[in-house]
Each structure stands twice: as C-alpha cells, then as structure tokens.
Amino acid sequence: MGPILLFIGIIATTGVFYPLAVTGISWLVFPDQANGSLVKKDGQIVGSELIAQEFKDPKYFWARPSASNYNAIPSEARHLSPLDPEFPKNVRDTMSASGLDPHIPLEMAYEQIPRIAKARALKPEQIRDLVDKAEKPYINVLMMNLELDRI
Amino acid sequence: MHLYDFYLGAGFIGLLATSSPLLGAYMHFSFNRSIGPAEARLYRISQLSTAPMSWKQYLKALLSIQLMSLIFMMAIFLLNSKAPISLDLAFNLATSFITNTAWQNIPGESHLSHFSQMIAITTQNFMAPAVGTAALLALTRGIFQTDSETIGNFWVDFFRMIVFILLPLSLLLALFLVSQGSIQNLASTLEISTLEGAKQILPMGPAASQTAIAALGGNGAGFFSQNLAHPFANPTGLTNWVLAFSVMLIPASLAHYYGIQIGSKKVGWVLFSVMLCFFIAFFAISFLGTQQLNSLEGQEIRFGNLGSLLIAHAATATANGTMNIAPESLSPLSSAVMMFQMMLGEIIFGGSGTGLYGLLLFSMLTVFIAGLMIGRDPEYLGKKIQSAELKWILFALMLPSCVTLLGSAYTCWVGSTDKTLFEILYNFASNVGTNGSALSGFKFDSSSDNIMFGVAMWVGRLSTLIPVLILAGILSSKKRIESIFEVSTPLFGLLLTFVILMINGLTFLPSLLLGPLNEYASLLEKLS
C-alpha cells in the first residue's frame, strides 16, 4: 500500500502540479510565446512566426520544401540517406528535420529576389536592403513576406 | 569552421566544467541531509519506512515502482489516446519510457492526448531517471561503506532525486523555453488561415514542460514527433544550445557528486575528464563528417551545423536519445560515431545514474586488469575485487552487447526487413542501450517487433541495474583494505580509456566495418 501512495503522490506532483504551474506562470508572463507566437495581419491571425507555411505566389519568398507538405500534425522528416541518388546538392531542394523550419538561408533568399521584384514591380535593391537589414545568416520567411506586403 | 562555432563549442565545454561541480555539490547535500519534518510527514502518510535496506529490499522497492509504472502507463495509453493503440504497442511504449529509452514509436501530436502526455509521459520522465540515480547512489554507498548489510533507502533516494533535483531544474528550464517561443498551453489545436489563404492546423499543448524534463532527465521523448527539431519545442539557436547543455548536465554532475561522496573530488574529476575526452574526440570526428558532406538536408537552419550536431551528439553520448535533426541524412561517419557512443554502453556521461554506474563497472574492470599485469590482488578504493564481483561486472558489461549483436544478426537472418545492416545495428544499439535515438524513422509495424524491442529494452535496462545492486550489496559488506591502486590520477584515466576502447572495440569493430564504415566508403566514392 505504501509504495502506491508514494506513486500517486509523485504523479500528482510531476504530472499535474508541474505542467499546470508552468502553464500558469507562462500564461501570466509570456502569453504570446506560450500560445505559439502567432502573427497577425489586419487583425487576422495569418500563422505562427515559428512554423513554416506554404508559399506559391511569385511575389513572396518561398520556404524550403517540406516532408509533411507543411502539415504540422504530425511533423515529419524525409529520412534521406546521403547515398541516395535523390540526395539534394542545392540548399533550395533540401528538407528540414521538422518539415516546419520557418527560416531559409541568405543565399536562398537572394536567389528569389529577381522573381519577387518582377512580380511586385519593385527594384531588386529595395528587397535586398530589406533582407540585409536583419543582419542574420538566415531570414524568417513569413515575417519577411509580411514586410514585403507593407512596402 | 567559423570562429563563432569555436566559441559556441568552447563555451559549452567551459560551462559544463564549471557548473557540474556545483550541481554535484548540491546533489551531495540533498542526498545526505537528514530527513526534515515535512519530508518525514510525507513518508509517514505513505506508510513507508526510511530505514536502510539490504540490496534485496532495495531491488524489490525499485522493481515495484517499475511494475506500477508499467501497469499505469499501459492502462493510460489503452484508455486515453486519440488513435487506437494495440496492447503490444502499449507495452512497447510504456517500456520505452520506464526504461528511460523513450523510443518514439508513434507521433505524439496525432496519437496522444494532452492528458496522456502529462499524466503518463511527463511523470515517467521524472521517475525513470530517479530510478537510475537511486541505483547509482546504492552502488556509491557500497563503495564507501564498510561492514554494512545495507545500501540506503530506495524511497528516500527516489523521492529526493525527483523533488530536490529534477523538479526545480525542470521548472526553470521550462520557463526559459517558453520565454524563447516554446509553447505551453492546454488548447488542443489551432486552425489558422495562412498569408496565402490556405488552411493550416497548428499543434498546441503543454510542450515546454515536457521538453524540459525530457532533456534534463534523459528520457528524451518529444512532445512532437520530430522532437527537438520542432520549432515549438526548440525555437531558437539559443534554446538548442541550452537544451544540449541540459542533456549533459545531470550525468556530468553525478561524477562530481560521486567524487565528493567517496571523499576524493579528484576521482570525480578523473571520471568526468575521461567522459569529456571521449565526447570531444567523437564530436570532432563527427564534425569532420558533416564538413565533408556539407549539406542542410535534415537540418534546421536556425541551429547551424555545429548546433545541429551538438544535440545529436549530447543525446547519443548520454542515454537521452532526443534528436534535433534527421540523423540518417548525416554522413555515415557522423552517425557511426553516434552509434558507437551508444554501443559503449552509454557511459560517456550516459543516463542519469546509469551512465556513471556503467563507468564505475569499467573502473573496477580496469583495476582488475591492472592487478593481473602487476601481480597484485585487485582492489577498487580498498574494496577487493574478487571472483563474485567480477562475474557480475562482466555479466553487466557483456550481456547488452550480446543482445545488440545477436538481435541484429537474427533480424538480418530472418530477412523480413528492407533496412540496411547499419540501420538495424543502430536501432538495436539504441534500444538495448536504452537511448531511444532512431535512424531512418525506423518504426515498428508488427506486434512481434513491438514485443521483441520491448523485451530488448527491459534486458538492456535490468541486465546492468540488477548486477549493480548486487555488487552494491557485496561491496558494502566488505572490509576496507589499504589501497595501492591510485584511481585519482590521470594515469588511471588513461588506463580506463584504453580498457573501454579495447573491450568495446573488440566487440563491435567487425560490425562497424560491415555496416556504417562500408557506407562511408561508398559516400567518399560518390563525393569524389
């Protein structure tokens, strides 16, 4: 009987109290992050800053291809061996481990600038300035596209 | 390699080397303090005696927790899941968490309810490492006590590891993860319309609390199928670095706890250094492999090359098994090193408690071999290593390797799989080593697989845990003789390193050559 009581006590502490305490404190202190870092445009939720979404329109930056086709439930990787003939040589053809990587490296962003400039009738330099402003080796696709829409 | 990568790596090692002695000292304090009034009341309410136990009583108490966990988890999985789970799958899943393997056989976000994740998995993420640590505490007592019939009280060890060590650390880490973007809520899912107007369903739930204890405790199971690659679990390069550190922290600190407990901090430092040297050497080989391949396939951009490899390595050196990449897309050289770390018996930091007791078994074997070489009676810290002890040491070190190799051979023999030898070996090593890292998204699809790997995990866990408790009992009852073998010197560290390499090299070299190194040769040919 004794061990069972301890077992129940530990379950109550670690399985109920602990996750609920973290949830409660997060809800008070970090409500945005705890609920998925959602991004709004004109008052409408258009996605999460952290989760990749599919872009097909030439006026937007496109993310890397996704093994789960940007379906988040469940997340999935391609599981491709480097010995496989289909193993991609170019970054733009690689897939991430989560299938939901929200970022692309700078070289892949630069590659897409001419297409976007043409679709938006903008100067390529204007878009390049936008990309370089982040001063990171990669860009967040959704956030950058929202900035493009604001130009 | 960029200078930035160098700072990242050096900072990681530096922080580990400075913080682990501190946590080790805190552990020593927590495990040895006298029972306070509040703690005493808890034991009284649960009707548990806090008197020291013999090894048999200790083992019985430990196994009763394992058994209760098995029944409880299987019941939860069978009764409360989003998709149907068969009995053999429930057995496999429950086993994988109880043995601290956390082999993820099903994607959590689509199959498990939040209730199951919290009540069944998060709780076991606390209990499994506490069980392993309790066994280490028992063995430590066996070494520093003399003429004693007892090896401590399991309930006290188990309770203190969870409440004084794991709970506060998890709470801090979970809140840090949330601050960086890891999700923590009780919503089920969220349907949104993307910028281009498509429908996307985002997973929701208490992810950060589970991610934190999975990293610290060594179970390593992800809230999400893609585990620490998932941006909702591991949102930034910084969280990736901190999570890698958390994976190593407790196993590293236990080495220092051990040193303080037996009265020689230097012994703790020697063990820590041996583990660290293995880790750095293996990491360097693996990093070379990724530089040769130079690809972002199966990796997340935000972690960078080094960060991607950091968790992959920390998680296979320790028995954690969490993953932030698709390991099969790495160069076979890198994944071979990761597999070898698991084959060593999870002793390079290893699991919580289990890693260090494995290394202590190797230490005893080392003094035995050294004793043979110089013609003296072998003793470890003044405790004679005689035939009964040696039998159990060898049993504990050899049985898991046998299961890995024979199991792989059997799987190849029946030929019912389209996996390569490397994949089969990796997955057996991972299950028997109670790691839980998976290559090629290796999923079991038959009930015989579920049962076979479930049994492999139990054998891997208990075939070292039970001998360790028996040894603790035998050593505890012994007298201490004057010690002539210095185990606190760099020379001993070197000797220990050679013994580990020799024993495991002889066991696994043929299979390494046939499996991963063969694939690596093909890759070099393809690249040239």
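What follows is a conversation between two colleagues about a predicted model.

Colleague: Let's start with chain A. Which domains does the assignment give for chain A, and how far apart are their C-alpha centres?
Modeller: Happy to begin there, and bear in mind that this is a predicted model. The assignment splits chain A into domain 1 (1-35) and domain 2 (36-150). Between the C-alpha centres of these two domains, the distance is 36 Å.

Colleague: How far does H1(A) reach from its first C-alpha to its last?
Modeller: H1 of chain A covers residues 2-29 and has 28 residues. At 1.5 Å a residue, the expected reach is 40 Å. The model comes close to that, with a reach of 39 Å.

Colleague: Where does H1(A) bend?
Modeller: The bend in H1(A) is about 30 degrees. A proline, A:Pro19, follows within four residues of the bend. The residue at the bend is A:Phe17.

Colleague: What area does the nonpolar surface patch with A:Ile25 have?
Modeller: A:Ile25 lies in helix H1 of chain A, and its relative accessibility of 35% makes it partly exposed. The other members of the patch are A:Trp27, A:Leu28 and A:Val29. Together with A:Ile25 they make a nonpolar patch of about 470 Å².

Colleague: Now the loop between E2 and E3 of chain A. Which peptide bond involving A:Pro74 is cis?
Modeller: A:Pro74 is found in that loop between E2 and E3. Most peptide bonds are trans. Here omega is about -5 degrees, and the cis bond is the one joining A:Ile73 and A:Pro74.

Colleague: Is A:Tyr70 buried or exposed?
Modeller: A:Asn69 and A:Tyr70 make a nice pair to look at, with A:Asn69 in the loop between E2 and E3 and A:Tyr70 in that loop too. A:Asn69 has a positive phi of about 55 degrees although it is not a glycine, and phi of A:Tyr70 is near 65 degrees. A:Asn69 counts as exposed because its relative accessibility is 53%. With a relative accessible area of 12%, A:Tyr70 is buried.

Colleague: On to charged pairs. How many salt bridges are there over all chains?
Modeller: Side chains of opposite charge can pair when their charged atoms come close. The cut-off used here is a nitrogen of Lys or Arg within 4 Å of a carboxyl oxygen of Asp or Glu. By this rule, the count over all chains is 13.

Colleague: Which residue of chain A meets A:Asp149 in a salt bridge?
Modeller: A:Asp149 is in helix H5 (residues 141-150), and its partner is in strand E1 (residues 38-41), 108 residues apart. A:Asp149 is partly exposed at 22% relative accessibility, and the partner is partly exposed at 29%. The N to O distance is 3.2 Å, and the partner is A:Lys41.

Colleague: Which residue of chain B meets A:Asp101 in a salt bridge?
Modeller: The N to O distance of this pair is 3.8 Å. A:Asp101 lies in the loop between strands E2 and E3 of chain A, and the partner lies in the loop between helices H10 and H11 of chain B, so the pair joins two chains. Both residues are buried, and the partner is B:Arg302.

Colleague: Which residues belong to the network that includes A:Asp101 and B:Arg302, and what is the N to O distance between B:Glu389 and B:Lys478?
Modeller: Salt bridges that share partners join A:Arg64, A:Asp101, B:Glu300 and B:Arg302 into one network. As for the other pair, B:Glu389 lies in helix H14 and B:Lys478 in the loop between H16 and H17 of chain B, so parts 89 residues apart in sequence are tied together. Both B:Glu389 and B:Lys478 are buried. Their closest N and O atoms are 2.1 Å apart.

Colleague: Where is the kink in H1(B)?
Modeller: Helix H1 of chain B has 30 residues and reaches 44 Å, close to the 44 Å expected. Its kink is about 25 degrees and comes shortly before the proline B:Pro21. The buried residues of H1(B) include B:Leu16, B:Ser19 and B:Leu23. The kink lies at B:Ser19.

Colleague: What separates the C-alpha atoms of B:Asn105 and B:Ser225?
Modeller: B:Asn105 is found in the loop between helices H4 and H5 of chain B, and at 5% relative accessibility it counts as buried. B:Ser225 is 120 residues away along the chain. The C-alpha separation is 9.1 Å.

Technical notes:
Residues are numbered from 1 along each chain as its sequence is written. Chains are lettered from A and ligands numbered from 1 in the order in which they are written. This is a predicted model: local features need pLDDT of at least 70, side-chain atom pairs count only at pLDDT 80 or more; totals for chains, interfaces and linings use all residues. Side-chain values use heavy atoms; hydrogens and water are left out. Patches are made of residues with over 30% relative accessible area and no salt bridge: like charges are joined within 9 Å, nonpolar side chains (Val, Leu, Ile, Met, Phe, Trp, Tyr) within 5 Å. Accessible areas come from the Shrake-Rupley method with a 1.4 Å probe; for residues, only the protein chains shown count as cover. A salt bridge is a side-chain nitrogen of Lys or Arg within 4 Å of a carboxyl oxygen of Asp or Glu. Buried means under 20% relative accessible area, exposed over 50%, partly exposed in between (1.4 Å probe, protein chains only). Domain bounds come from an automatic or database domain assignment. The expected span of a helix is 1.5 Å times one less than its number of residues. The bend at a residue is the angle between axes fitted to the seven residues ending there and the seven starting there.
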